[in-house]
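Subject: Structure handover

Hello,

Here is the structure you are taking over. My notes on what was found in it follow below.

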Amino acid sequence: MFSTEKDIETAVLIALVTPKQTEEQTREYLAELEFLAETAGVKTVKTFVQRLERPDLNLFLGKGRFEDVMAYVIDQGIDLIICDDDLTGRQIRNMETAFQQRNKEVKIIDRSLLILNIFAMRAQSVQARTQVELAQQQYVLPRLTRMWTHLSRQRGGVGMRGPGEKELETDKRIANDRIAFLKDKLARIDRQAVTQRKNREQMVRVALVGYTNVGKSTLMRRLAKAEVFAENKLFATVDSTVRKVTIENIPFLLTDTVGFIRKLPTMLIESFKSTLDEVREADVLLHVVDVSHPGHEEQIQVVNQILAEIGAGDKPMILVFNKIDLYQPSPEMEFEAQEGNFSPIDFLKNTYLDTEKPKAIFISAEKKENIDELRQALLDLVKAKHFQIFPNWLEESNSY
Ligand SMILES: Nc1nc2c(ncn2[C@@H]2O[C@H](COP(=O)(O)OP(=O)(O)OP(=O)(O)O)[C@@H](O)[C@H]2O)c(=O)[nH]1
Ligand SMILES: [Mg+2]
């Protein structure tokens, strides 16, 4: 497939600064939203930010600011408006109507729908595809307007235009039937997966978890010497991969799984429950962090919160600070490190030496730095669990 400039859809991004969300946060979220759009093949042309108490109930932005956006979109022939927060059916309807009055067709979507689209593009297994479609249907149903219908029939594109109003009721019925069908199908796949997991050799299980694009699959390659797909795009991994790894004669199963993100649509978490079972049922978690990302502190919080939500919040864990080769300390940190005569990375390490926190290891999966230190730390945790399952392991393996 050849894509030319003309095929690439263009977008403007909209977001708010509110008492709950600082300007700096908004800027970071928009950078992430732009990366999400790029992953979906959409080029961001401009971003519009407004300071408001809360989103406007009718247009998300205030009327004046929305009109600025509308003028720009019409003038520049933009294809998409992408909102960083979830839009209600009412907001979408009102925006659409405003554009229709100006004879302009524009697709209006939000972060959740964009994420759902990326998942749909990425999902490979029948299970992942079914999970994504269920999440899409559940997301779209309460928001069905003319524009949002027939999403399930769409392929790859981002938010497609549907048929006329009169088909809306039929579409709602079709969506409900489809949801019931998909839930049923997933329940069946789930029963098979549970049986498969039961039949799997009884081994310690370790899961790689973390924010999207932090390097989980790259680390999986290093630890399992497996060919796992890694890419500088968001949600490169949607299906989970399991590999058997052995360190110093102790075997365990290592799972690479889907990355997390801020504002991960709830229905996506729900429909990915069985994929996330790999995380829930793991004995040990490797929480991978991209230390070179300016927002990594917040990313750690997001991941911990989702882990707690799925009931995996209190497992033995190692915090793996990855991409130390790209780490750039903030000017304040650099200053403090100099004051204390530390290298910036040692300074960073010291901030994580608190015993209350899980063990922290600093690595570069790409440049193969400190992988052995990580292996040792992981081995300690795996061993503890392993000897619970096989109390006689040493005697048995010595008797060979
Ligand atoms: N410089 C540098 N880049 C890295 C390192 N580890 C991973 N990367 C790059 O970061 C990008 C994302 O890596 P992945 O392994 O796909 O990340 P992931 O966490 O599996 O991402 P998702 O599956 O999308 O959630 C790729 O371009 C990797 O080459 C590292 O230690 N240093
Ligand atoms: Mg991955």
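I start with one residue, Ala-31, which sits in helix H1. This is a predicted model, so please read everything below as computed from it. Is Ala-31 buried, exposed or partly exposed? Ala-31 has 15 C-beta neighbours inside 10 Å, and because a residue needs 20 or more to be buried and 12 or fewer to be exposed, Ala-31 counts as partly exposed. Along the sequence, Ala-31 lies 18 residues from Leu-13, and the C-alpha atoms of the two are 9.9 Å apart in space.

The chain as a whole

The protein chain has 400 residues, and 37% of them are buried. Its secondary structure amounts to 14 helices and 10 strands. Counting contacts between residues at least 6 apart in sequence, 71% link residues that are at least 24 apart. The domain assignment splits the chain into domain 1 (8–116), domain 2 (121–187) and domain 3 (202–398).

Between domain 2 and domain 3, 11 residues of the former are in contact with 10 residues of the latter. On the domain 2 side, helix H5 (residues 126–140) supplies the largest share, with 7 residues. That side of domain 2 is made up of 5 nonpolar, 5 polar and 1 charged residues.

The four-stranded sheet

One open sheet has 4 strands, in the order S2-S1-S3-S4, with parallel pairing. The edges are taken by strand S2 (42–51) and strand S4 (107–110); each has a single partner strand, so one side of each has no neighbour in the sheet. From one strand to the next, the twist averages 25 degrees.

Strand S3 (residues 80–83) runs parallel to S4, and 4 bridges join the two. Within this pair, Ile-81 is placed opposite Ile-108 of S4.

Two helices pack on this sheet. Helix H1 (residues 23–39), the one that holds Ala-31, touches strand S1 (9–17), S2 and S3, and its direction is at about 160 degrees to that of S1. Helix H4 (residues 111–122) touches S3 and S4, and its direction is at about 90 degrees to that of S4.

The six-stranded sheet

Another open sheet has 6 strands in the order S6-S7-S5-S8-S9-S10, and here the pairing is mixed. Which strands stand at its edges? They are strand S6 (241–247) and strand S10 (359–362), each with a single partner strand, so each has one side without a neighbour in the sheet. The twist from one strand to the next averages 25 degrees.

S6 and S7 run antiparallel and are joined by 7 bridges. In this pair, Thr-241 stands opposite Asp-256 of S7. Helix H13 (residues 371–389) packs on the sheet and touches S5, S6, S7, S8, strand S9 (317–322) and S10; its direction makes about 140 degrees with that of S5.

Strand S5 is worth a paragraph of its own. How many of the residues of strand S5 (residues 204–210) are buried? The count is 7 of the 7, so the strand is largely enclosed by the rest of the structure. Val-204, Val-206, Leu-208 and Gly-210 point one way from S5, while Arg-205, Ala-207 and Val-209 point the other way, and all are buried.

S5 pairs in the parallel sense with strand S7 (residues 250–256) over 5 bridges, and Arg-205 has Leu-253 of S7 as its bridge partner. S5 also pairs in the parallel sense with strand S8 (residues 284–290), over 5 bridges. There, Gly-210 stands opposite Val-288 of S8.

The ligand

The last item is the surroundings of ligand 1. The ligand is surrounded by 24 residues, of which the closest are Gly-215, Asn-232, Thr-237, Gly-259 and Glu-366. Helix H7 (residues 216–224) gives the largest share of this shell, 3 residues. Sorted by class, the shell holds 7 nonpolar, 11 polar and 6 charged residues.

If you want a place to begin, you could find these items in the view: Ala-31 in helix H1, strand S5 with its 7 of 7 residues buried, and the shell of 24 residues around ligand 1.

Regards

Methods:
Residues numbered from 1 in each chain as written. Chains lettered and ligands numbered in written order. Predicted model: local features only at pLDDT ≥ 70, side-chain atom pairs only at ≥ 80, totals over all residues. Near = placed C-beta within 6 Å. Nonpolar A, V, L, I, M, F, W, Y, C, P; charged D, E, K, R; others polar. Pairing = 2+ DSSP bridges. Axes fitted to C-alpha atoms, helices over the stretch in contact; angles between N-to-C directions. Contact = placed C-beta atoms within 7 Å. Domains from an automatic or database assignment.
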